[in-house]
Amino acid sequence: MENIKLFQTLSTLSKEELTSFGEFIKSSYFNKSLVLTRLFSTLRKYHPSFEKIKREKIFAVLFPGENFKEKKLRDLFSRLLGLMEEFFALEDFKNYPLEKKGHVLNQYFIRNLDKHCESLTREMQTLLDKVK
């Protein structure tokens, strides 16, 4: 199969990352589309090389009995790639606890939760002191 951004990106995932991404897209908080979950399950079988997969076969698995529609499949690829980008961002976010706490602090501030702000600010200062 030709180089498709989704396949290129999926092929870089380790087995552990592939499993985590599978859990991510099964979460109804992040993904409300069962067809995207089925698309991932179908593509996962070909990981890490997607050379032998055919678009028509993918489409037939997702939409049995329906005539092949290139645009419909491309749209699904794009949406799944978008979920993968969300996954990457959240995975990366885990590596920056201070930044994460900064976002929580911002939400406390917006919600006028002064005591929460003070407590979290002290916690963040402790983290900063450890870095010095």
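Let's start on the surface: Tyr29, Phe30 and Leu90 come together there as a nonpolar patch, with about 330 Å² of accessible area between them. Keep in mind that this is a predicted model. From that patch we'll head inward to the core, then look at a buried asparagine, two backbone oddities and the salt bridges.

**The surface patch**

- Leu90, one of the patch residues, belongs to helix H5, which covers residues 70-93.
- Leu90 is partly exposed, since its relative accessible area is 33%.

**The nonpolar core**

- The largest nonpolar core is made of 28 residues, and those with the most contacts inside it are Leu6, Leu10, Phe21, Leu43 and Leu80.
- Helices H1, H2, H3, H4 and H5 are the elements that each put two or more residues into this core.
- The top contributor is H5, which supplies eight residues.
- Leu10 is a good one to click on: leaving aside residues up to four places away in sequence, Leu10 touches Leu18, Phe21, Phe40, Leu43, His47, Phe50 and Met84.

**Helix H3 and what covers it**

- Helix H3 runs over residues 34-44, and its buried residues are Val35, Leu36, Thr37, Leu39, Phe40, Thr42 and Leu43.
- The cover over those buried H3 residues includes H1, helix H2 (15-26), helix H4 (55-62) and H5.

**A threonine in helix H1**

- Thr9 sits in helix H1, residues 5-11.
- Thr9 counts as buried because its relative accessibility is 16%, and the cut-off for buried is under 20%.
- Setting aside residues up to four places away in sequence, Thr9 touches Leu81, Met84 and Phe88.

**Asn31 and Thr37, a buried polar pair**

- Asn31 is in the loop between H2 and H3, and with a relative accessibility of 6% it counts as buried.
- What does the side chain of Asn31 reach at 2.8 Å? That would be the backbone oxygen of Ile25.
- The Asn31 side chain also makes a polar contact with the side chain of Thr37, at 3.1 Å.
- Beyond residues up to four places away in sequence, Asn31 touches Ile25, Leu36, Thr37 and Leu83.
- Its partner Thr37 is part of helix H3 and is buried too, at 16% relative accessibility.
- Thr37 touches Ile25, Lys26 and Asn31, again not counting residues up to four places away in sequence.
- Thr37 and Lys26 are 11 residues apart in sequence, yet their C-alpha atoms are 6.4 Å apart in space.

**Two backbone oddities**

- His47 and Pro48 are joined by a cis peptide bond, with omega at about 5°.
- Look for Pro48 in the loop between H3 and H4.
- Asn112 isn't a glycine, but it has a positive phi of about 55° anyway.
- You'll find Asn112 in the loop between helix H6 (97-110) and helix H7 (114-131).
- Is Asn112 buried or exposed? Asn112 is exposed, with a relative accessible area of 62%.

**Salt bridges**

- Side chains of opposite charge can pair when their charged atoms come close.
- Searching the whole structure turns up six salt bridges.
- Glu70 pairs with Arg55, and the closest N and O atoms in that salt bridge are 2.1 Å apart.
- Because Glu70 is in helix H5 and Arg55 in helix H4, this pair ties together parts that are 15 residues apart in sequence.
- Arg55 is buried, at 13% relative accessible area, while Glu70 counts as partly exposed, at 28%.
- Lys72 and Glu66 meet through their side chains in another salt bridge, at 2.9 Å from N to O.
- Both ends of that bridge are partly exposed: Lys72 has a relative accessible area of 31%, and Glu66 comes in at 30%.
- Glu66 and Lys72 are also linked with Lys69 in a network of salt bridges.
- Lys94 forms a salt bridge with Glu91, where the closest N and O atoms are 2.9 Å apart.
- Lys94 is exposed, with a relative accessible area of 57%, whereas Glu91 counts as partly exposed at 30% relative accessibility.

Note on methods
Residues are numbered from 1 along each chain as its sequence is written. This is a predicted model: local features need pLDDT of at least 70, side-chain atom pairs count only at pLDDT 80 or more; totals for chains, interfaces and linings use all residues. Side-chain values use heavy atoms; hydrogens and water are left out. Patches are made of residues with over 30% relative accessible area and no salt bridge: like charges are joined within 9 Å, nonpolar side chains (Val, Leu, Ile, Met, Phe, Trp, Tyr) within 5 Å. Accessible areas come from the Shrake-Rupley method with a 1.4 Å probe; for residues, only the protein chains shown count as cover. A salt bridge is a side-chain nitrogen of Lys or Arg within 4 Å of a carboxyl oxygen of Asp or Glu. Helices (H or I, at least four residues) and strands (E, at least two) are DSSP runs, numbered from the N terminus. Buried means under 20% relative accessible area, exposed over 50%, partly exposed in between (1.4 Å probe, protein chains only). Contact means heavy atoms within 4.5 Å. A polar contact is a pair of N or O atoms within 3.5 Å; within protein, one must be able to donate a hydrogen and the other to accept it, and residues adjacent in sequence count only if both atoms are side-chain atoms. A nonpolar core is a set of buried Ala, Val, Leu, Ile, Met, Phe, Trp, Tyr and Cys residues joined through side-chain atoms within 4.5 Å.
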